[in-house]
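Biologist: Please show me the model, and then we can go through its empty spaces and its surface by question and answer.

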Amino acid sequence: MAVFVVTTEDFDLLAPNEFSLQQALQAAAANNEADTIRFAAGVSTIALPNTSIVIDTEVTIDGDIDDDGRFDVTLDLGASTSPLVIDDGTGGVIDVTLRGLRITGGEFTPTCPSDAGNGARGADGSDGVIS
């Protein structure tokens, strides 16, 4: 298990001495283990692009920087209609933990009335749980 620390609020920044959330997700996927992504002090809001962000590996994304049980990092999903996708491409189940994160923005348009809910949806159409 590796711990990757995000050091910039720019989602996809590729710069020396900085590590973005996109880079951390890619590193976790390449590592093929259940990894943890944390955030450096000073990182508070990350605005995600208007495209889907795919989490395709078992990972914990921990936004509680000071371990006080409260969120310290906000993921701003903007106006994207499918901003956060959890899918490893196999149709199997992967464990993804979002801890200490405030998630704002984004839109979820259910395809039928029974789909109304918290916006979590598995790749196979099954309900997901955000708590």
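Modeller: One definition comes before the questions: Ala, Val, Leu, Ile, Met, Phe, Trp, Tyr, Cys and Pro count as nonpolar, Asp, Glu, Lys and Arg as charged, and the others, Gly among them, as polar. Note also that this is a predicted model.

Biologist: How many residues of each class, nonpolar, polar and charged, are in the lining of the largest cavity?

Modeller: The largest cavity holds about 40 Å³ of space. Its lining is made by Leu21, Leu25, Leu48, Ile53, Ile55, Ile61, Leu75, Leu84 and Leu98. Leu and Ile both count as nonpolar, so the division is 9 nonpolar, no polar and no charged.

Biologist: Which elements give two or more residues to the lining of the largest cavity?

Modeller: Among the lining residues are Leu21, Leu25, Ile53 and Ile55. Helix 1 covers 21-31 and strand 4 covers 53-55. The elements that give two or more residues to this lining are helix 1 and strand 4.

Biologist: Which element supplies the largest share of the lining of the second largest pocket?

Modeller: The second largest pocket has a volume of about 150 Å³. Lining it are Phe11, Gln22, Leu25, Gln26, Ala29, Ser52, Ile53, Val54, Ile55 and Asp56. Both helix 1 (21-31) and strand 4 (53-55) supply at least two of these residues. The largest share, 4 residues, comes from helix 1.

Biologist: How many charged residues does the lining of the second largest pocket have?

Modeller: The lining includes Gln22, Gln26 and Ser52, along with Asp56. Asp counts as charged, whereas residues such as Gln and Ser fall among the others and count as polar. By class there are 6 nonpolar and 3 polar residues, and the number of charged residues is 1.

Biologist: Is Met1 buried or exposed?

Modeller: Met1 lies in the segment before strand 1 (3-6). Together with Val3 and Val5, Met1 makes a nonpolar surface patch of about 300 Å². A residue is called exposed when its relative accessible area is over 50%. Met1 has 68%, so the word for Met1 is exposed.

Biologist: What percentage of the residues of the protein chain count as buried?

Modeller: A residue counts as buried when its relative accessible area is under 20%. The protein chain has 131 residues, and the share of them that count as buried is 27%.

Biologist: In what order do the elements of the protein chain run from the N terminus on?

Modeller: The secondary structure comes to 1 helix and 9 strands. A strand starts the run and the helix follows it. The order is β-α-β-β-β-β-β-β-β-β.

How values were computed. Residues numbered from 1 in each chain as written. Predicted model: local features only at pLDDT ≥ 70, side-chain atom pairs only at ≥ 80, totals over all residues. Heavy atoms only, no water. 1 Å grid on protein atoms, 1.4 Å probe; cavity = no way out; pocket = protein on both sides within 12 Å on 5 of 7 lines; lining within 4 Å. Points joined across faces, edges and corners; volume = space filled by probe spheres on them. Patch = residues over 30% accessible without salt bridge, like charges linked within 9 Å, V, L, I, M, F, W, Y side chains within 5 Å. Areas by Shrake-Rupley, 256 points an atom, 1.4 Å probe, with all protein chains shown as cover. Salt bridge = Lys/Arg side-chain N within 4 Å of Asp/Glu carboxyl O. Buried < 20%, exposed > 50% of the residue type's maximum accessible area, 1.4 Å probe, protein only.
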